[in-house]
Every structure is written in structure tokens, then in C-alpha cells.
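Trainee: Before we look at the model, could you show me how to read charged side-chain pairs, and then how to read an interface between chains?

Mentor: Gladly; let us put the structure in front of us and take the pairs in turn.

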Amino acid sequence: MKLHMRKILDKSFSGLGFLSISLMAASLLVILTPIFVKGFGAFVFQGTVEFRRLQLEKFERGNRADIEREVAAALRARQPVYDMIAVFEERLQSQGFLERNQHSEPLGELKDALRELLGPFPDEPVPIMPRDQYGQTRWDRAQEKIAHVLYRVEYDHSDPARMGTEVLIPREEDFRDTSLEPLFRYVEENAEKMLLPRLTVYPRFLTDKPIDSHFFGGIWPEVLGTLCLTLGAMLCALPMGVISAIYLVEYAGESQLTSFLRTCVSTLAGVPSIVFGLFGLAFFINTLHITHGKSLLVGCLTLALLILPTIIRVSEEAIQSVSPAYKEAALSLGASRWRTVVTVILPASLPGILTGSVISMGRAAGETAPIIFTAAVSVGKALDFAKLQFWQTCLEATPALPWNIYNLATEHEAVDEIRHVQFGMVFTLIVLVLVLNAAAILMRARIAKKLKG
Amino acid sequence: MKKISTAERSVTIARLGASLLVAGLAVACLWGVPGQAVAQGAATIVIDGSTTVGPIAKAFAEYYMSLHSGVNITVSESGSGNGAKSLINGTCTIADMSRFMKKKEFAAAVEKGVTPVAHVVAMDGIAMIVHPSNPVKELTVDQARDIYTGRIANWRDVGGPNRKIVVISRDTNSGTYETFDKLVMKKERMGNATEYLGSNGAIRQRVQSTQAAIGYVGLGFIDRTVKALLVDGVLPTRNTVASGQYPIARPLFMFTNGYPKLGSHVHAFVTLHLGPKGQEIIDAIGFVPVTSY
Amino acid sequence: MSPRALRSELLLSGRASRSNRLVALAGQGTLLLITSCSAIVVLFLFYFIFKDALPFFQLRGIAEFLGSTRWYPSGHPPEFGSLAIFFGTGLVTLGAVLFAVPLGVSAAVCLSDILPFTLRQAVKPMIEMLAAIPSVAYGFFALVVFAPFLQDSGGALLSVVIWVIGIPASVLAMVVTNGWIVSRLGMEARPIMRLLIMMPFGVTAIWVLYHLSASLAELEISSGTNALNVSIILGIMALPTVVSVSEDALQAVGRQLREGSYALGATRAETILKVVIPAADRGILAAIILGIMRVIGETMVVWMASGNAAQIPEPWFNFLQPIRTLTATIAGDMGEADHVTGSARYHVLFAMAFSLLVISFTCNLASEWFVRRAGHKSSGRCP
């Protein structure tokens, strides 16, 4: 009997293990799925005719004749709406004060809703903000706006003891028995003809400049900023890290000094990233005055400090894993220690070092806290190495993916309107990091295979 | 035999890696070379400061950069205080501020040889917003203060349903907070349970998703997903702000070091709001242009 | 080549060897210099953070910093009581540990002792992916996806969690007590007795679970950006650290120990619980400490999704209240903290950063100590 119990306990214990692993997998899935699905939506979506018009006018992209034909077709479909409103307005003018008063506010709301959906009315002057110049470029957003044209939200406050309940009131009610009544049916039935949604692949989201603080366009300044920060951090940290590792493994014996150095490295690894940010501000900017304010260079340096311990650690491991036979053979051939390190040990451990470095590049790409005070701005042109001298460019501040994700998700004036851009950014960042990691994993697998021989 | 071949292979990999690195470096260096000739006409305007003025600065920046392709304008939104600091340190050209400079900041600036010059770019009202399902329509400034100090903790006490109030404030680093603190709180402390959010957009989002919440945002951030309350019987609109009827209103500033040189890009930028285009932009983002009151 | 020439090629003159040695020494010195850069950075970190933190303690004193919960950095006069902020950091850390440690350690056990090799290879990349996702992406998820969900249907989520944890737990408890009671009884009454005992037990368990979940389901969560949200997300972020470090510790326990235990007739569960985990306890402790460090130092998630209310929740373990943490305060308040005027407000943030630095330094030393002890222990026990 007791044995039976023990078996059950054993089984349930294994079950617990599996449960925890699957929970972990589930959490990964729960986090990545919405980001991947919605983020992918920034690249592939149902684009409307407004999107194609925008691409033509702002980026000179697409076949002009085709798009103009499409725009004309859409306009034809929209014309009855505009006509109905014009007729209604004219009639309103001739009516009494009471009717005018009754209808002017709903009419204003309706026209605003239509402007949001279709862009400015044809006879209106071109608005100054690009966000007002175009209607909805994405069909999924357009559908929300169509609902807003057809219905307005009211709250029923009849029960003062509770929060009001949402009531959808068709706007048709506001214009019952007027010449505008058929408009709503028309919009509902002809929405597709007015906007001509079509499956659109927009890979240039990655390489386009943003327009009107990310209402339209792509995320190139952020992507480039992140790439430069990451590469720069790598260029600073890699030589230092590898040399430190060489010294720690090959030259330093087991002395007090080395154990102190090792403790320092592991301390550095444990320092919270926000503290690195503060340090970068206090040291590089306020003390050394490398630049007066935020700049790419300071960001790179700060990030380099952040990934330095990781690089030292992986390089140490890689160097230690080189078979001592190599080293002994080289030394017995009369090579000096340095020569041995440079010509034998380093090449043999380079794949391992590169693997670790690529992983820490992923870390540098995704870190936000260190660059808040040192490098990242919310709006700025993409770094342009061709325009200024290399060093001057390094001294400019730049947008970067992680910071702008934060910025757009919390500080933007129209957070909800540009959700797809935010998801697209997160998606891009995660893919960038995962690709770096996947490369590292592949590299490691190859090395493992090789070592097995 | 095998060992040697693996060693060779690792050497090739190593060479590959090394050459990649070198190539990368070389490309990075070469990138810089052709730039030498072009640098003329290029200018960088660095803008830092308030998240409230941020939308104006961003819109102005994009508009200005579309007119002058040689100009690069960077905008950081890190709070009014940070804007002042950056201007004093000479790390930014224009400081956006949603409050006026403090005496201390002025003193520090003058000591560092910086003369801050204020440009009022727009007017803004701070609207108290609630979820549209909330039956409460109106608050007095005193009631608002009591809500934020925690003395009134339930909507019942201001004529609403029996729900605990979720009090949401801007982070203490913002000019909006300071203005609200000055005009509404009148030196009283906010209660402990107050949630602090980093920006106007975040507050609006919190309020639109939380039935029992109350928050305050700049006029430009009101949309149909939230309901602006009447304060002392006045609805925050462009007209009431411009006419001074609405009690929680303030000017928005851009500060420069001295009056910018006439004809310079900075000058053109900080006077953009005086022209019709600038006013149209300000109006489009939801603020009150300085010429309409 | 003549033998003489060859000899001169091979043998170094005295001077040459001396100069060679000098060069080597100089080279080694350079290497040491570069290596000590990281040490210098650590010292500089402490120095610069402390240098800017010190004025705060001089201006305001440590009593206010650690003793008061009144955080009004921009009030007139300002107050800088950071107790609630420290408490917030502690609370989310506790929550994340409660989430990550049981899950992480059991996952590590599963990885090292239960899963077959091929499955293990499949799980590892998953853990690496969890570790690789940038913190701002986690924060974005917490703010945009998780917080609204928690606010709308958090009660339902919690009641589902109660069922998921409750059913296996109560079934297990039932089987164990049942077995214990039945084994005390005589042979003949067994099947009937078992059913009789099972019935009230099961009914009680379901009743309790039902009521618990029902009360949870009605729970109204006023804000989705709260300590619970952040704790869960931080727990997920700490998982990879906890799993991989404790798995290493478990792997380090030798085969002999396990095989000895099996040979004595222990089941796998008994072997792991009574032999392997005790042998690896220090390594697991180190893993937990490293996980805690990851949680304490995390900025973006707490900044975006913790609600940033500088309060101690009522009651203190109320995870559904918004809280504020050290890292978020530093990131968020730096904007107003003008160091030009030398205000206490700037320096208080450095005081917080210094506290963080001290905490992480202590944690680091502790974990290193545990790892070293773990090395002694396992090597001592299984030579």
C-alpha cells in the first residue's frame, strides 16, 4: 500500500514538473502571440485607397495613373455623401432658427466623424497636419470610424446609484425625416467602395521615415538608432572584454588581485540598468563633458559598460574551453606567450566569444533604462552618416526603438490611433533580438558539434 | 588528424569573424568621409522639456524640417524641469515648458551666463476628466482639491454613484502637475493613493478604461473617449480658456537663451506660432493659439 | 644554414632576452590596465553615485529617507519619505519571487531530472527566448495587453488560477490522507472506507474552492496597473535566471548521489526531494538571489505598469493596489530633478540609486558565497 502511495506521489511530482514547464511555455506564448500577430499587422494589413494616396504623395511610390484612377473611383463613391450633406446644409440655411439649432450640433459631429473616416471634404482647404489630410489608411481602423459615423455613444444615467450604461444610438435618429436619413444606409453599404481596402504588404514600414509623429510612415530613425547603439556598444565593449578575459585566464594567477577583479566583474553584472543610466549621465555627460547632452556616443559607452561583464564572462569561458594541447604545442614550438594567445588560443576561442557577444548585442539592443538619460530622444531625424562627418554624427542624439516604444505607448497624444505602430515597433525589436539570439544558438550548436568531432 | 582539421576550421571561422569586424569598421569609417563637403547649411536644433508642449514642438519640428531639409530638429519630452536644466546647461537650444521658470532656475541660468527668454506659444487649459459613464458633470475647484487630497474618496460625496474614486495625477516631474498643484491644490498634499502617470496620453487612457477614475489632462488631449467636467460651472473649451473664464488655464512656453538671432532657424522656429500656419497647427492639435484671446 | 647561424637564431643574446622580457612585462601591464578598467568602472560607479547621493543625506538626513512614507518631492516644502517606495520594490519582489521560485525550481528539476534529452533540447531555446525578450517589450505587454485584461476580467482570471492550483492540490491531499487513514484500518473495510472518506473530503474541497473562486470572480479591480500585474510579469522575467542557474546547480550534483539513492529503493521524487535538492540547496539559493536581483533592478516594466502610487497598500499584502518602486522613481523623476540648482530632489534619486547599488552588491556577494559553498559541498560529498 505504501508503495502504491509513493508511486502516486512520484507521478504527481513529475506532473508538477511538466506543469511548470508548460506554464512557462504558455506564458511565453501568451506574451509573444499578441505582439507577433498585431506587430505583423503593421507590415501586412488591409490598406485603403488613402494609404496608397499617402504613399504616392509623401513617398512618390506606386503607379500614379492607377492610384489616381482609384482615388477618382473612391471619390465617385463618396460624392453622394457630400452631395447629401451639401443639400441638407443649404436647406438648413433656409429654415428657422429652431431647426437650425436642433440640427447644427449633430451635423457638426457627423461631419467630424466623416472627416476622420474619409479625410477632408473635397471643397475644404488642405489641413496643415498630415493626420488631418488623409482619411483612414487602414481598414481595421476605418471600420471603427464607420461605426462612429453610424452610431454615437450615449450613457444612460437613469440610475444615480450606479455608473451609467453605454447605449449606442444610431445617428440616423438625429436626422429622422430629413434629407440626410438615407446617408447612413448609403455609408454602411458603400463603405468598401469609398475606401477600397486591399491586402497591402508594407515592408517599407521598417525603412520609411515617420510622418506627423508616427501617425503615418515607418520607423527607420528608431531602427537605425538602435542598430548604431548596439554596434557601437559592441565595438567599445568587445576589445576590452576579450583583453580582460585573456588577462584573467592566461596571465593572472590566482591572486588577491584577480579575485578582486572577478568580484568587480560580477558586481558590474548585477548593477541595475537604470543605475548605469544615471552613471552615464553623471560621469560621461556631467563630469567628462564628452557631449553637452544626449548623444549616440555616450549611449554607446553606457551600453558598453552594461554588456562588458557578460562579454568578459563568455570570453573567459571560451578561452578556458580551448584544449590545453593547443597551447602546449604552440609553446613547445618556441612561440612566446603573447604569440600563442594571438595566433592559437584566440582563433580557437573566437567562435565562442562571438556567440556570447552576439547574445549581449541582443541585450544592448533591448535595454531602455541606460539610454533614457544618455542617448534617446522622441523625435529626430534618422542618423545620417553621409551628411555630416562620422564623429559629428556620433555626437547627435537619436531616436531608438526601446525608448520610442515607451514614448509612443505612454506619452503620445493619440496612443490609441497608433497602436499598430507601437506593436510594429515591439515586433521589430523582438525579432531583431531573437534573430541575434538564434544566430548565437546556431553558432553554438555548430561549435558543440565540432568539439564532439 | 581530426584535431588539426577542426583547428583549421576554427581558424577560418575566426578569420571570417575578424574580417567581418574589420570590414564593419572600415565601412563605418568610410561613411564619414564623403560627408565633409556637405556640412553647410546643416543645423541642429535640440528641443527638450515638457510633455504637454511636446506635441506642439513635434508638429512644429516636422513642419519646419519639411520646409528646410538641411535642419535636424530633435525633440525630447522629459519634463519641464529637465527642459530648464538643459537650457541652463546649454544642452538644448529650446526648452519647452508648461510653467514659467522658477526663480532658482533663473538665478542658476544667469549665473551660468544664460539669459532665458520666454516665448508664449499657446494657451492651455487643464481639464478634469472622468469616464463618460460617470454621471458626475461638474466639480468645484474645492471639491477637486478634496478628491486629490483624499478627503473625498467616494463618488457618492460629489453626487455620483457609490464607487471608490481612483485618483490619477500626472507625475510630479511635469509642468502640468505643477500648474495643477498651484491652481487647484493650493499647497495641499495629494493623498497617498494617488496614481502617478508619465503623460497626458497615459492619463486619458487610464481614465477611458477605468469607470471610477478621475484625472487631469491638457486641453489638447480631450477626445470623445473621456468626459471633461465643468469646473466651477465652466466647461474647458478653447473659448473659455482664451477668455479666462476657465479657472485652470496656463500659457505654454518655449524658452531660448537670449532672443535668437533674427533670421536664424531658431528664430524662425520660435516665431512659427505667430504665423497663420503655426496657429493652424496649434489649433489642429487642440491647443489655443495666442492670437485667439 | 650553418650550425652556427642556426644557434644564433635559436639562442637569444642577453640583451635581447632582457628587452623581450621588458616588452612582455609592459604588455602584461597594459593587459592588466585594461582588465582593471572594469574594476575602475565599478569604483567609479560607487563613487559617482555616492558623490551625488551624499548631499541628500546632508540636506535631509537618513531618518526622513527611510522613516517616512510622505513622498512629495515637488511640494512646498518638499518631502522625501521613501519608505513607501522601498516597500513597493519589496512588495513586487516578493510577488515575483512567489511566482518565479516554485515555478522556476520545479521547472529546473524537471529539466535536469525528468525530461528526456530531446525534450530538454526543445525547452532550452524557450528559456533563452524568455530571457532575450527586451524588458520594454514585457512592459509594453503589461501595459497594453495585460493591464486592461486584469482590470476587466482579473477576478475571473484569479478564480481560474484558484481552480488550477486547487484541484490538483486537493486531489493530492485527498489521496495522501486517504492512504494514511486506510492504512491504519483493517484489510476488509478498505474499498468502502475509501469511498466513504473520499466523499466528504471531496465535497468540502469543492465547496471551499467554489466559494473562494466565486468571491474572487466578483472582485472588482479598480486599476489593472498594479502590484499583481508587475509581479507576474517580473516573475516571468526572472524565470530564465532562476531556471538556468538552479538547473546548473542540480546538474552539478553528481550521478553517484542519485544512483545511490535509487539503489536504496527511493523513487525519483524522493531522490530529488531528499537527496538532490538538499545537495544543491546553496546553488538554488544563489539562483533565487540572482532572480531577485533581476527583479529589483528592472525599470521599464514597473515604470509602465505599476501605477506609480507612492503608498503602502492597505492591507500591506494587497497586490491589487498600485505601488511605486525605486527604479521607476529614478526613471520618472529625473525629468524635474534639476541638478543645476543642487536641489535635494536631484540627489534623492541618486540616494535611491545608491541604495539599489548597495542592495545588488550585497545580493551579488551573497550569491557568490553560496555558489562557492555549493562547489565545496557537492565536491565534498561526491568526490
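Mentor: Keeping in mind that this is a predicted model, begin with chain C, where the side chains of Lys124(C) and Glu247(C) meet in a salt bridge with an N to O distance of 3.8 Å. Lys124(C) belongs to helix 5 (residues 117-132) and Glu247(C) to helix 8 (residues 227-252) of chain C, so the pair ties together parts that are 123 residues apart in sequence.

Trainee: Are Lys124(C) and Glu247(C) buried or exposed?

Mentor: The cut-off for buried is under 20% relative accessible area. Glu247(C), at 4%, therefore counts as buried, whereas Lys124(C), at 34%, counts as partly exposed.

Trainee: Which helix holds Glu259(C) and Arg255(C)?

Mentor: Both lie in helix 9 (residues 255-263) of chain C, four residues apart, which is about one turn of the helix. Their side chains form a salt bridge at 2.9 Å, N to O; Glu259(C) is partly exposed at 40% relative accessibility, and Arg255(C) is exposed at 62%.

Trainee: How far apart in sequence are the parts that Glu316(A) and Arg262(A) tie together?

Mentor: These two side chains meet in a salt bridge of 2.5 Å, N to O. Because Glu316(A) sits in helix 11 (residues 296-320) and Arg262(A) in helix 9 (residues 256-270) of chain A, the parts joined are 54 residues apart in sequence. Glu316(A) is buried, with a relative accessible area of 10%, while Arg262(A) is partly exposed at 27%.

Trainee: How many salt bridges does the rule find across the interface of chain B and chain A?

Mentor: The rule finds one there, and the count over all chains comes to 50. Glu116(A) pairs with Arg224(B), their closest N and O atoms being 3.3 Å apart. Salt bridges with shared partners also place both residues in one network with Arg141(A), Glu144(A), Lys145(A) and Glu417(A).

Trainee: What else should I read from the interface of chain B and chain A?

Mentor: Consider its extent and its chemistry together: 68 residues of chain B contact 59 residues of chain A, and the buried area is about 5000 Å², with carbon and sulfur atoms giving 58% of that area. There are also 13 residue pairs in polar contact across this interface, both residues at pLDDT 80 or more. Among the elements giving two or more residues to the side of chain B that touches chain A are helix 2 (54-67) and strand 2 (71-77) of chain B, but helix 1 of chain B gives the most, with 16 residues. The residues on that side of chain B divide into 30 nonpolar, 26 polar and 12 charged.

Terms used:
Residues numbered from 1 in each chain as written. Chains lettered and ligands numbered in written order. Predicted model: local features only at pLDDT ≥ 70, side-chain atom pairs only at ≥ 80, totals over all residues. Heavy atoms only, no water. Contact = heavy atoms within 4.5 Å. Buried area = accessible area lost by both parts, 1.4 Å probe. Salt bridge = Lys/Arg side-chain N within 4 Å of Asp/Glu carboxyl O. Polar contact = N/O pair within 3.5 Å; in protein donor to acceptor, adjacent residues only side chain to side chain. Nonpolar A, V, L, I, M, F, W, Y, C, P; charged D, E, K, R; others polar. Buried < 20%, exposed > 50% of the residue type's maximum accessible area, 1.4 Å probe, protein only.
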